[in-house]
Structures are given as structure tokens and as C-alpha cells.
Amino acid sequence: MTQLSSQCPFCNYSGHIVKTCGTVYAIEDSTPVSRCHMLIIPLRHCRDFFDMTDQERSDTANLIEVLKEQILEKDAEVQGFNIGINCGLCAGQTIFHAHVHLIPRRPNDTPAPRGGVRGVIPDKMGY
């Protein structure tokens, strides 16, 4: 049985769903870091990645692959991706329903991309 939360924006999402895969669905991020920034979200309400089931994680990985291919077909400028998950308030999680960010990256979209996800702590990005 799918658990839902009446106050969760992802449990109550009524906008455009880009794609589904088993136990998860994908939407465009409402405040995108780059064009085609996607969120992959379990249908079941769960707090973060660590609360996801093995099936939800597997469906997430499969949907990331599908979305990656769709993005690459749509936008030839994309040459990389960041995949990110914020777990907990101090890690930057603002919606406490698990979700994975798939962020397309293009050349020169930032002056110094080295360090990638290490940029969550800016002083640690350059190494």
C-alpha cells in the first residue's frame, strides 16, 4: 500500500509528470539549476534516500538512465550530469520526501566546475 502525506508537495503533486518507472516518477525542477533539471521522486512518501526501498532505488537508477538519454537527444550542448540527493536539514534538504536531482551540465556553465558536488561546501570544491 502506498503511503502518502497530506501536507507533502510531492505526495500531492498535480503538475506535469515527465516520465514514470515503476515506483518513481520524474518532474522538471521548479527552481532549476540548469535547463532540463529533473527530480526523480518515489510515489510512496519516504523521508530521504535512506528510507527508500531497494525497488525504489532500482527504479530511480533506471529512470535516471532514461532521462539522461532523453536530455542528450534534446540538447546537444549537454556534456555531463550531476546527480544529487540531499538527506537531512543540514545537508540542504528542504522537502522531506525523498527525491534525486538530475542536473545536466554544459561547457562553461560555471567558471570552475572542478569538484562538482563537493561545491555543497564551497571552500572544499577546489582541490
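These numbered points are a short walk through a predicted model, starting with its helix α1 and moving outwards.

1. Let's begin with α1, which covers residues 54–74. How far apart are its end C-alpha atoms? They are separated by 30 Å, and this agrees with the 30 Å that 21 residues should span at 1.5 Å a residue.

2. Which residues of α1 are buried? They are E56, D59, T60, L63, I64, L67 and I71. Their arc around the axis is only 150°, so they sit on the same side of α1. If you turn to the face pointing away from that buried side, you will find the exposed residues D54 and E73.

3. The next thing to look at is what the buried side of α1 meets. Its buried residues pack against five strands: β1 (19–21), β2 (24–28), β3 (38–42), β4 and β5 (100–105). β4 itself runs over residues 80–84.

4. Now for the nonpolar interior. As general background, nonpolar side chains in soluble globular proteins tend to be buried together. Here the largest nonpolar core is made of twelve residues: V24, A26, C36, M38, I40, L63, I64, L67, I71, V78, V100 and L102. Two or more of them come from each of β2, β3, α1 and β5. The largest share, four residues, belongs to α1.

5. A26 is a good residue to click on if you want to see this core from the inside, as A26 is one of its members. Setting aside neighbours within four places in sequence, A26 is in contact with I17, V18, K19, L39, I40, L63 and L67. One of these partners, L39, belongs to a second, separate core of seven residues, which also includes F10, Y25 and I27.

6. Just past the helix comes D75, in the loop between α1 and β4. Is D75 buried or exposed? D75 counts as buried, because its relative accessible area is 10% and the limit for buried is under 20%. A polar atom of the D75 side chain lies 2.9 Å from the backbone nitrogen of E77. Apart from neighbours within four places in sequence, D75 is in contact with R35 and R106.

7. Another loop residue worth a visit is Q93, located between β4 and β5. Q93 is buried, since its relative accessibility is 2%. Where does its side chain reach? One target is the backbone oxygen of R47, at 2.8 Å, and another is the backbone nitrogen of G88, at 2.7 Å. Not counting residues up to four places away in sequence, Q93 touches R47, D48, N86, C87 and G88.

8. How many aromatic pairs does the structure hold? There are two. One of them is formed by F49 and F50, with an edge-to-face arrangement: the centres are 5.7 Å apart and the planes make an angle of 80°. As for accessibility, F49 counts as partly exposed at 28%, whereas F50 counts as exposed at 60%.

9. To finish, have a look at D123, in the segment after β5. D123 counts as exposed because its relative accessibility is 73%, and the threshold for exposed is over 50%. Between the C-alpha atoms of D123 and E65 there are 31 Å, with the two residues 58 apart along the chain.

Definitions and conventions
Residues numbered from 1 in each chain as written. Predicted model: local features only at pLDDT ≥ 70, side-chain atom pairs only at ≥ 80, totals over all residues. Heavy atoms only, no water. Buried < 20%, exposed > 50% of the residue type's maximum accessible area, 1.4 Å probe, protein only. Polar contact = N/O pair within 3.5 Å; in protein donor to acceptor, adjacent residues only side chain to side chain. Contact = heavy atoms within 4.5 Å. Expected span 1.5 Å × (residues − 1). Arc of directions from axis to C-beta. Core = buried A, V, L, I, M, F, W, Y, C linked by side-chain atoms within 4.5 Å. Phe/Tyr/Trp six-rings, centres within 6.5 Å; stacked < 30°, edge-to-face > 60°.
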